[in-house]
Amino acid sequence: MKAWILCMALATGIAPAFAQTAAAAPTEPAGQDLLVQVRQQLKDAPVVRGQFTQEKTVKGFKQPLRSSGDFVVAKGLGIVWHVRKPFESSLVVKPDSLQSRRADGSLSMQMRAEDEPVLRTVNAMLFAVMSADLVQLHHFFEVSGKAQASGWQMRLLPRDPMLAQWLASIELEGGQFVREVRLQEARGDSSLIRIQGAEAASQASDAELAQFR
């Protein structure tokens with residue numbers, strides 16, 4: 001579960017949202033109604049980019065750990081999480097791998113699903129959260145919350161007992177895009193991630209595409 005620990009440390013609970021459409025639907029009527037209402041507000045786009053700030057509270061530390069940077073989420077490619085402060089680094093999450101890169105672009109860590117089978121499940125869960133894939137969210141979590149004209153809120157509780165060993169809950173708030181994520185880890189640490197300047201695009205730039213190679 002090294003991948004999960006790394007992802008949580010870097011706050012990959014961030015959720016730049018674009019809506020996914022699918023025929024499947026949750027079976028609980030209340031959950032189904034909520035996801036339908038949220039889907040109506042979420043903006044559907046091939047690419048979403050923006051900036052983030054994060055405060056991570058760690059047990060035993062009085063002051064939260066703060067970081068900030070920018071991100072890009074591209075359908076079919078993955079997620080690039082670019083931390084600029086306090087130290088520059090990048091995390092690239094793809095369906096079958098996870099990479100950590102230094103400020104100069106050199107590789108500091110790489111994990112592949114073929115070597116770490118649990119990584120594929122972890123990445124699938126992360127994609128569901130980070131892209132606000134509402135149908136997949138229901139597979140991983142019990143979903144509750146509310147939706148109104150001014151926006152929506154969702155609380156996610158992990159269904160999988162193994163996942164629940166690391167993650168207690170995720171709370172999402174947003175409108176067309178996710179605006180805030182609160183992630184509570186089972187061991188007591190927590191993260192608050194705020195999204196600013198989220199915008200949709202029809203395609204990734206050449207520079208963004210290069211980060212997925």
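Which residues touch the most other members in the largest nonpolar core? Select Phe141, Trp152, Met154, Leu156 and Ile170: of the 32 residues in that core, these five have the most such partners. Keep in mind during the tour that the model is predicted.

After this core, select Val47, Val72, Val80 and Ala201. They are among the eight residues of a second core, separate from the one above. In soluble globular proteins, nonpolar side chains tend to be buried together.

**The whole chain**

Now show the protein chain as a cartoon. Six helices and 11 strands should appear. The chain has 213 residues, and 48% of them count as buried. Switch to a surface view: the accessible surface is about 10400 Å², with 51% of that area belonging to carbon and sulfur atoms. Contacts also join parts of the chain that are apart in sequence. Taking contacts between residues at least 6 apart, 51% join residues at least 24 apart.

**Charged pairs**

Side chains of opposite charge can pair when their charged atoms come close. The count of salt bridges in this model is nine. Three of them are good stops for the rest of the tour.

Begin with Glu185 and Lys56, whose side chains form a salt bridge with an N to O distance of 2.6 Å. Colour strand S10 (residues 178-185) to locate Glu185, and strand S1 (residues 47-57) to locate Lys56; the pair links distant parts of the chain, 129 residues apart. Are these two residues buried or exposed? Glu185 and Lys56 are both buried. Add Arg187 and Asp189 to the selection, and you have a network of salt bridges that links these two residues with Lys56 and Glu185.

Next, select Arg155 and Glu171. Their closest N and O atoms are 2.7 Å apart, in a salt bridge. Arg155 is in strand S8 (residues 151-158) and Glu171 is in strand S9 (residues 167-174), so this salt bridge ties together parts 16 residues apart in sequence. Arg155 counts as partly exposed because its relative accessibility is 35%. Glu171, at 31%, also counts as partly exposed.

For the last stop, select Arg194 and Glu180. This salt bridge has its closest N and O atoms 3.5 Å apart. Arg194 belongs to strand S11 (residues 190-201) and Glu180 to strand S10, so the pair ties together parts that are 14 residues apart in sequence. Which of the two partners is buried, and which is partly exposed? Arg194 is partly exposed, with a relative accessible area of 35%, whereas Glu180 is buried, with 15%.

Conventions:
Residues are numbered from 1 along each chain as its sequence is written. This is a predicted model: local features need pLDDT of at least 70, side-chain atom pairs count only at pLDDT 80 or more; totals for chains, interfaces and linings use all residues. Side-chain values use heavy atoms; hydrogens and water are left out. Helices (H or I, at least four residues) and strands (E, at least two) are DSSP runs, numbered from the N terminus. Buried means under 20% relative accessible area, exposed over 50%, partly exposed in between (1.4 Å probe, protein chains only). Contact means heavy atoms within 4.5 Å. Accessible areas come from the Shrake-Rupley method with a 1.4 Å probe; for residues, only the protein chains shown count as cover. A nonpolar core is a set of buried Ala, Val, Leu, Ile, Met, Phe, Trp, Tyr and Cys residues joined through side-chain atoms within 4.5 Å. A salt bridge is a side-chain nitrogen of Lys or Arg within 4 Å of a carboxyl oxygen of Asp or Glu.
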